[in-house]
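Colleague: I should like to go through this model with you, beginning with the ligand environments. Please show the sequence and structure.

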Amino acid sequence: MTTKNFVFWLVFLAAVAVFARSAWRLRQYLRFARPENRFDQVGARLRQMLTVGLLQKKILRDPSAGIIHVSIFWGFLVLLAAAVEAVLEGLHPALHLNWLGPLYSLSTILTDLFCAFIIVATIAALWRRYVQRVRRLQLEGDRIEAAIILVTIFAIVTSLLLLNTARVRLGTDYSWAIRPIASLLAPILPLDHTAFEVFWWMHIVLILAFTNYLPYSKHLHVLTSLPNVFFSPIEFPRQIPTVDFSAEDAATFGVRDIEDFSWKTLLDGYTCTHCGRCTSVCPANQTGKVLDPRQIIIAINRRTMEKGPLLLKLRDWADNALREDLRNAARQLLRGKRAEEMTELERTVFETVFSEEERAVWNRRLVGDYIAPEALWACTTCGACMQECPVNIEHVPAIVGMRQALVMMEASFTEESALLPNVYSNLETNAVPWGGMAHADRAAWAEGIGIKTAAEDSTMEVLFWVGCAGSYDERAKSIARAFATLMQHAGVEFRILGAEECCTGDPARRTGNEYLADTLTQQNIETLARYSVRTIVTICPHCYNTLKNDYPRFGGNYHVMHHTQFLQHLIEQGRLRIDQAELDRVTVAYHDSCYLGRYNNEYDAPRALLENVPGLEVLDVERSRDRGFCCGAGGGRMFMEEHVGEKVNHNRTRELLATGATTIAANCPFCMTMLTDGVKAADQADRVRVLDVSELLAEAITRRSNGSASPAEQ
Ligand code: SF4
Ligand code: SF4
């Protein structure tokens, strides 16, 4: 062993020890969060890791940035072999990878090529960030760190290319090595043994330093991205965090601090790359609200890094405390107790364990000191952030989890969300979010058009879940009638629940009142069980999503269809004949609702209905399908004020109007309200109609078949 090897052993062991300690601490922080089983469906998770993680499927949705990132990511995978070899050479002069033979040749060729790719990619990344100043990459506090990281990557790769060039020039390379780029450079670069040693040490020290810098930087994602993608939901993340109201020792409902998150949310925080893709598509952010989904995840991570060490210190103290009462008091504190909630003994422990400065950090509030409550209430839960995030971070469950604590623990609302207590009270008394509505009037919309309730006749092919908007909102009642007319036209035996139907709980659940949402859910499940309902069709994507995806958790399992899916099904069965339809030439801009599209991946059924109506032309809308832009009503925003920035519905309607269409088609009563208001605000109500897809179809079919006016026109 040479002196070089001896020195390297010392450097290497120190680097490994420091890294192991950092990794252990990060792992411990996760253990303070709520447990959650994410170890199921291993095969599907591995596939997801392959497509989203290794093949970078989501990164490539943005081709220019995607290619840069993919070059760096795949390049680093290839360069792992070179790093292993450098470490082996450092440990002992006789250690190397040449014995791999042809595989070594392949690895050296790829290493050489990827060195060149990464050098170009890092220059391009620096250009985009500091010269081109791509908006989503301009994050306060990130400029210096991003530069350090990019320059370090550049230096690691350049030093590798140069040390390999020196090997070729000096004739000391391994027998199986093939280095196309180094061979080109060798004749022109005067590199000697000293240069080789300088670049070798530079390369290996930078790698070890970079690896130890990762746990404290945004580039921690280099280590956590693949696990994070592995543990992320296999399908689009639809579930809102559950709350166990039966747990007698529950300290909190919802999320007040990092201990209340699932460990996966903290891992999300470790994994955020700060790329800003989420923020760039967020309707709230893009219309000037304080909400920035990237900052939400960064704030969760910042809180984890600040409070994690305190939790570790407290746990160690508890483990070593000699008196049982002190141990128990410390363990109570570990559940995230705030100063004002501590018993006298707990406060004594708190003051013994922590310095004044540490106590101040402990007492900070996640919502308030790190995240503005206004940001949480601005979220429409549209899911665009989660759709775009290249590492499958789940923003909406984190946001709703924090809303849950604001609502259920603190009854704390902002100016914009101040109306929610009234909404909850309406839901409690009349099972409808709007005030002044009598529960008994729920079926008033259906009077006189031959619709039976399940109580009158429980024999049914399908239950029509009308929803609160379809039952009470004047405009949405027309949608309910249009759809009912189409079903009657097709001879469908359907029933409604009438006064037995309650709100599904969606507005309560997504604004954080899980307790009320649970109550409504149980009530509806009991009603549906009474009539042995199996198949449900609804005109509301929020009801659709809730019945389909939330209710199974409570034991309510049904075949749920959105009305556009059901109409398509009737057409396929030949029960509804679209060739009977005809409209004078109508141009349509179709708006994808978030809860039908992004949450349930249904983009085609409504389009198929529209595209098959003779005389109707569907125009392209720039932000559509999984890149659709929210109308602004989801996540309970329908029932809140909107004072800050541009109104989301105005922004969306402007884009739809820009197509020049004479009709805007929607598939959701909430979108209907928002877009209708948007058209009025743009002073275009005389020129442009906003209709539900079913209304357009009913208009076309009824005109052709009996010459009567459509339900929408009645
Ligand atoms: S769900 Fe929509 S509104 Fe909420 S943070 Fe994500 S992109 Fe923004
Ligand atoms: S949450 Fe995802 S999309 Fe948003 S900045 Fe972080 S990595 Fe990028």
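Colleague: How do the residues of the shell around ligand 2 divide into nonpolar, polar and charged?

Modeller: This is a predicted model, in which local features need pLDDT of at least 70, side-chain atom pairs count only at pLDDT 80 or more, and totals for chains, interfaces and linings use all residues. Residues are numbered from 1 along each chain as its sequence is written, while chains are lettered from A and ligands numbered from 1 in the order in which they are written. Ala, Val, Leu, Ile, Met, Phe, Trp, Tyr, Cys and Pro count as nonpolar, Asp, Glu, Lys and Arg as charged, and the others, Gly among them, as polar. The shell around ligand 2 thus holds nine nonpolar, three polar and three charged residues.

Colleague: Which element gives the most to the shell around ligand 2?

Modeller: Helices are DSSP runs (H or I, at least four residues), as are strands (E, at least two), numbered from the N terminus. Both α10 (277-281) and α12 (293-320) supply at least two residues of this shell. The greatest contribution, three residues, is that of α12.

Colleague: How many residues surround ligand 1?

Modeller: A residue is near a molecule if its C-beta atom, placed from the backbone, lies within 6 Å of it. C282, P293, C379, C382 and C385 are the closest to ligand 1, and the residues surrounding it number 14.

Colleague: Is R627 buried or exposed, or in between?

Modeller: R627 lies in the loop between β7 (616-619) and α28 (648-657). A residue is buried if 20 or more other C-beta atoms lie within 10 Å of its own, exposed if 12 or fewer, and partly exposed in between. Because R627 has 16 C-beta neighbours inside 10 Å, it counts as partly exposed.
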